[in-house]
Amino acid sequence: MPSLGRLHLITDTRPGRDPLAVLRAALPVARAELVVQVRVEDDATDREAYELAQRVVGLCRPYGATCLVNDRLHVALAVAAAGGHVGAEDLPVAAARRVLGAGAVLGATAREPGGAAAAVAAGVTYLGVGPCHATTTKAGLPDPIGPEGVRAVAGAVDVPVIAIGGVTVASVPALRAAGAYGVAVVGALSASPDPARTTAELIEALTC
Ligand SMILES: Cc1ncc(COP(=O)(O)OP(=O)(O)O)c(N)n1
Ligand SMILES: Cc1nc(C(=O)O)sc1CCOP(=O)(O)O
Ligand SMILES: [Mg+2]
């Protein structure tokens, strides 16, 4: 399995957003360091998810970037994505691993060390850990765990920890210092007036 990219861009498919424009700006900058997670709204159809994921796979290929699909693992298989991401309301990790196969990239959400260790034992490639900071992108999340919450998880597992939730360029150093291997962002890129520049800043903060 190739090494995991450090910058995870999660597609923002809320009304008025243009996830493919953001992706086109980020790809030439981040290249193989970019992991794109196709995440659609809950009320999106499988056909919509499939068509978006197909386009993302095609855009990622020339840059060696990785495409994952959130929740809908049948869509991941259908577009030959590199893998998928699951959380507490999705398929259990062991089942997701069986669906995707041994060679796939499989991420799972973890919010504390116990859940993280269980996900590792069940076969994840990486963990999405958060919410690190307050976010307006997703409702219904628990209170932010901050860098200290990331530190607790990172210290308990031996897979890459991807910090998520309210992550900005400014918050990356503290998250890295806490043991995060990389970060996942929605708003930091989709709301940026200059996504290419913000990508460069995120990559610099993640790799310096
Ligand atoms: C990298 C990463 N971490 C966490 C999540 C959240 O997944 P989940 O808890 O399943 O919530 P939804 O994204 O499905 O609403 C993620 N997607 N990516
Ligand atoms: C989809 C998602 N999952 C989270 C979690 O903590 O499980 S936080 C989140 C949204 C991240 O968006 P932004 O970068 O705009 O804060
Ligand atoms: Mg999910």
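A backbone N or O atom of Gly166 lies 2.7 Å from an oxygen atom of ligand 2, and that contact is a good way into this predicted model. Two ligands are of interest here: ligand 1 sits in the largest pocket, and the space taken by ligand 2 is the largest pocket as well. Here is a short tour of each ligand, with a stop at two residues that UniProt lists.

**Ligand 2: surroundings and contacts**

- Around ligand 2 there are 15 residues, and the closest are Thr135, Thr137, Gly166, Val186 and Gly187.
- Gly187 also makes a backbone contact: one of its N or O atoms is 2.8 Å from an oxygen atom of ligand 2.
- Arg111 uses its side chain instead, placing a polar atom 3.0 Å from an oxygen atom of ligand 2.
- On its own, ligand 2 has 430 Å² of accessible area, and the protein covers 94% of it.
- If you sort the shell around ligand 2 by class, you get five nonpolar, seven polar and three charged residues.

**Ligand 1: surroundings and contacts**

- Ligand 1 is surrounded by 15 residues, of which the closest are Gln37, Arg39, Asp90, Thr109 and Lys138.
- Gln37 reaches a nitrogen atom of ligand 1, with a polar side-chain atom 2.9 Å away.
- Thr109 has a polar side-chain atom 2.9 Å from an oxygen atom of ligand 1.
- Asn70 likewise offers a polar side-chain atom, at 3.0 Å from an oxygen atom of ligand 1.
- Taken alone, ligand 1 exposes 420 Å², and 89% of that is buried by the protein.
- The shell around ligand 1 is made up of four nonpolar, six polar and five charged residues.

**Residues listed by UniProt**

- Under "binding site", an unreviewed UniProt entry lists Asp71 and Asp90.
- These residues are spread over 20 residues of sequence, yet they cluster in space, with a largest C-alpha distance of 6.0 Å.
- Both Asp71 and Asp90 are included in the lining of the largest pocket, which is where ligand 1 sits.
- Asp90 is also among the residues closest to ligand 1.
- As for Asp71, its place is in the loop between β3 (66-70) and α3 (73-78).

Conventions. Residues are numbered from 1 along each chain as its sequence is written. Chains are lettered from A and ligands numbered from 1 in the order in which they are written. This is a predicted model: local features need pLDDT of at least 70, side-chain atom pairs count only at pLDDT 80 or more; totals for chains, interfaces and linings use all residues. Side-chain values use heavy atoms; hydrogens and water are left out. A residue is near a molecule or strand if one of its heavy atoms lies within 4 Å of it. A polar contact is a pair of N or O atoms within 3.5 Å; within protein, one must be able to donate a hydrogen and the other to accept it, and residues adjacent in sequence count only if both atoms are side-chain atoms. Accessible areas come from the Shrake-Rupley method with a 1.4 Å probe; for residues, only the protein chains shown count as cover. On a 1 Å grid over the protein atoms alone, a cavity is a set of points where a 1.4 Å probe fits but cannot get out, and a pocket is an open set with protein on both sides within 12 Å along at least five of seven lines; lining residues have an atom within 4 Å of a point. A molecule sits in a cavity or pocket if more than half of its atoms lie within 2 Å of its grid points. Ala, Val, Leu, Ile, Met, Phe, Trp, Tyr, Cys and Pro count as nonpolar, Asp, Glu, Lys and Arg as charged, and the others, Gly among them, as polar. UniProt positions are given in the numbering used here, feature names are shortened, and annotations may be inferred rather than shown by experiment. Helices (H or I, at least four residues) and strands (E, at least two) are DSSP runs, numbered from the N terminus.
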